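Open the model in your viewer and keep the sequence panel visible. The stops below say what to select and what is there.

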Amino acid sequence: MHTTTPLDVLVIGAGLSGIGTACHIARAFPEKSIALIERRKTLGGTWDLFRYPGIRSDSDMASFGYEFKPWLTSTVLADGPAIRQYVIDTAKEFGLYERIHFGLQTLSADWSTHDRLWTLVTRDEETGAQQTFTCRYLISCTGYFNHDAGYRPTFPGEDAFHGRIIHPQQWPEDLDYTGKRVVIIGSGATAVTLVPAMAGRAAHVTMLQRSPSYIFALPNQDKISDLLGRFLPARWVYWLARRRNIAIQRALYLSCRRWPQMMRRFLLSQVEKQIGPDIDMRHFTPKYMPWDERLCAVPDGDLFQTLRNGSASVETDHIDRFTTDGILLKSGKTLAADIIIAATGLNIQMLGGMTLSVDGQARPLHEQMVYKGLLIENIPNLAWVFGYTNAPWTLKSDLAGRYLCRLFQHMDECRQSVAMPVSPPGNALDVSIVDSLQSGYVQRGRELLPRQGRKGPWQVTMHYGKDKAMLLNEPVADEALVLS
């Protein structure tokens, strides 16, 4: 099937980024034709895919929600179903729900210089039938990981294990862990979420980690906002909370980078107060400095409470092999298990696996630099929305949507239909856009990520304040952005 009428804007992905970006454009340009392609049967992206117990945001909702649609509750960290419903409600409120083409996987996108159009080939996930779309401007909001499969290493002897081995990305709906012994392999955000969520029903939950992560407790009720809500309108309370939380997050990150030893002592001292004298601090003392990997937030210290009451425990060791009824560790200790959960991370994937080309010539994303953290070098009329790794993802996607509105307005005023970033010679570095982050999934997938440049708009700083100034205040026209 071929869609004959070219769209003005086509967005790939109907998760938080896709819906947010589309909302910005639809509000600013009601006359433009816009549509979204979503591989899943419903919208929500990550928040529809992950269904494991306790799934929640790892950022406060005042700054994780959209700037244009306030999250009007004082709950700090929201659960997955609430976030998914928030995305659905936003799409319906702004008239985008009926513009989403569900169940289509985007296979390829080719730009025609002659026609000044993108041609996208998609495949219906159910029937296998192909459908073609054309558009003047293409925006990728597909996230950064493979939705088909998470990172799942093979463990020695796992075939001998008589229980179930599960990856959180493919959580089975029929899993009943009541009264079961559960071992969760991992120490990241997924693992620290699963432990307290499962501990109430399981016989016992053990978190098995090779090395600890930085974990900090966060109050799950915004008492300041509750107090202000008695006197001020809800939207005012939201804006105050949003500005406050963005400032706190930024100060925490910058402090960790500038004074790593001091912040390390501070973070570990907070954990020590939470776990008490009976739990060994070596389980919570990472070998790396804060923000070399992401910090893990636990609402109201629920993980620490679970460890203190004995319904869960933590082991820091290496796996020797799986046995029929558990895991044998290198230390010689055996962890009995009926269910083993491999919370071992993600597989990085760009553009949802779609291939890019210009006039039939391949343009792999990882060979190009990113301009202003959003547009792609040497590829016309393409935006690639990639959120923050050190702050709420949505903060960056909000900036991206607002910048694209500025760009479209500028192109319309100049009567130009094509915009393409072009870098000066010798500017490219063999450094990915998140090279400073040492997380396992980043290091495994660093060769798949776009590159950075030596200076200016070709550097990805992950700095909200600098990005805000660059994307919203600096002139759209500059020597690197070629309009034609």
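A helix axis here is a line fitted to the C-alpha atoms over the stretch in contact, and the angle between two axes runs from 0 to 180 degrees between their N-to-C directions. Keep in mind throughout that the model is predicted.

**Stop 1: α1 and α10**

Select helix α10, residues 393-414, together with α1. The two helices pack with their axes 9 Å apart, at an angle of about 30 degrees. Angles under 35 degrees count as roughly parallel, so α1 and α10 are roughly parallel to each other. Their crossing is right-handed.

Now show the side chains where they meet. From α1, pick Leu16, Ser17, Thr21, His24, Ile25 and Ala28. From α10, pick Trp393, Thr394, Ser397, Asp398, Gly401, Arg402, Leu404, Cys405 and Phe408. Sorted by class, this contact of α1 with α10 has 7 nonpolar, 6 polar and 2 charged residues.

**Stop 2: α1 and α4**

Keep α1 (residues 16-28) on display and add helix α4, residues 80-93. What is the angle at which the axes of α1 and α4 cross? The crossing is at roughly 25 degrees, and the axes come within 10 Å. That angle makes α1 roughly parallel to α4. The crossing of α1 and α4 is left-handed, whereas that of α1 and α10 is right-handed.

On the α1 side, the contact is made by Leu16, Ile19 and Cys23. On the α4 side, select Ile83, Val87, Thr90 and Ala91. These residues divide into 6 nonpolar, 1 polar and no charged. Leu16 of α1 appears in the contact with α4 and also in the contact with α10.

**Stop 3: α5 and the loop before it**

Move to Ser187, in the loop between β8 (181-185) and α5 (189-199). Is Ser187 buried or exposed? Its relative accessible area is 14%, and buried means under 20%, so Ser187 is buried. The side chain of Ser187 reaches the backbone oxygen of Ser211 at 3.1 Å. To see what Ser187 touches, leaving out residues up to four places away in sequence, select Val192, Met207, Gln209, Ser211, Pro212, Ser213 and Cys296.

Next, select the whole of α5. How many of the 11 residues of α5 are buried? The count is 8, so α5 is largely enclosed by the rest of the structure. The buried residues are Ala191, Val192, Thr193, Leu194, Val195, Pro196, Met198 and Ala199.

Zoom in on Thr193, which lies in α5. Thr193 is buried, with a relative accessible area of 6%. Beyond residues up to four places away in sequence, Thr193 touches Tyr52, Pro53, Gly54, Ile55 and Arg56.

**Stop 4: Ala35 in β2**

Select strand β2, residues 34-38, and find Ala35 in it. Ala35 has a relative accessible area of 4% and is buried. Setting aside neighbours within four places in sequence, Ala35 is in contact with Leu7, Val9, Leu10, Val11, Arg99 and His101. For a sense of scale, draw a line from the C-alpha of Ala35 to that of Thr285: the two residues are 250 residues apart in sequence and 48 Å apart in space.

**Stop 5: Gly373**

Go to the loop between β19 (370-371) and β20 (375-376), where Gly373 lies. Gly373 is buried, at a relative accessible area of 8%. Apart from its neighbours within four places in sequence, its contacts are Trp384, Lys396, Pro457 and Val460. A second line to draw runs from Gly373 to Arg210, 163 residues away along the chain, with a C-alpha separation of 34 Å.

**Stop 6: two residues with positive phi**

Finish with two loop residues. Leu351 is found in the loop between β16 (339-342) and β17 (355-358). Its phi is positive, about 60 degrees, although Leu351 is not a glycine. Arg415 is found in the loop between α10 and β22 (419-421). The phi of Arg415 is near 55 degrees, again a positive value in a residue other than glycine.

Which of these loop residues is buried, and which is exposed? Leu351 counts as buried at 5% relative accessibility, while Arg415 is exposed, with a relative accessible area of 78%.

Key. Residues are numbered from 1 along each chain as its sequence is written. This is a predicted model: local features need pLDDT of at least 70, side-chain atom pairs count only at pLDDT 80 or more; totals for chains, interfaces and linings use all residues. Side-chain values use heavy atoms; hydrogens and water are left out. Helices (H or I, at least four residues) and strands (E, at least two) are DSSP runs, numbered from the N terminus. Angles under 35 degrees count as roughly parallel, over 145 as roughly antiparallel, 65 to 115 as roughly perpendicular and the rest as oblique. A crossing is left-handed if the near helix is turned anticlockwise from the far one by less than a right angle, and right-handed if clockwise. Contact means heavy atoms within 4.5 Å. Ala, Val, Leu, Ile, Met, Phe, Trp, Tyr, Cys and Pro count as nonpolar, Asp, Glu, Lys and Arg as charged, and the others, Gly among them, as polar. Buried means under 20% relative accessible area, exposed over 50%, partly exposed in between (1.4 Å probe, protein chains only). A polar contact is a pair of N or O atoms within 3.5 Å; within protein, one must be able to donate a hydrogen and the other to accept it, and residues adjacent in sequence count only if both atoms are side-chain atoms.
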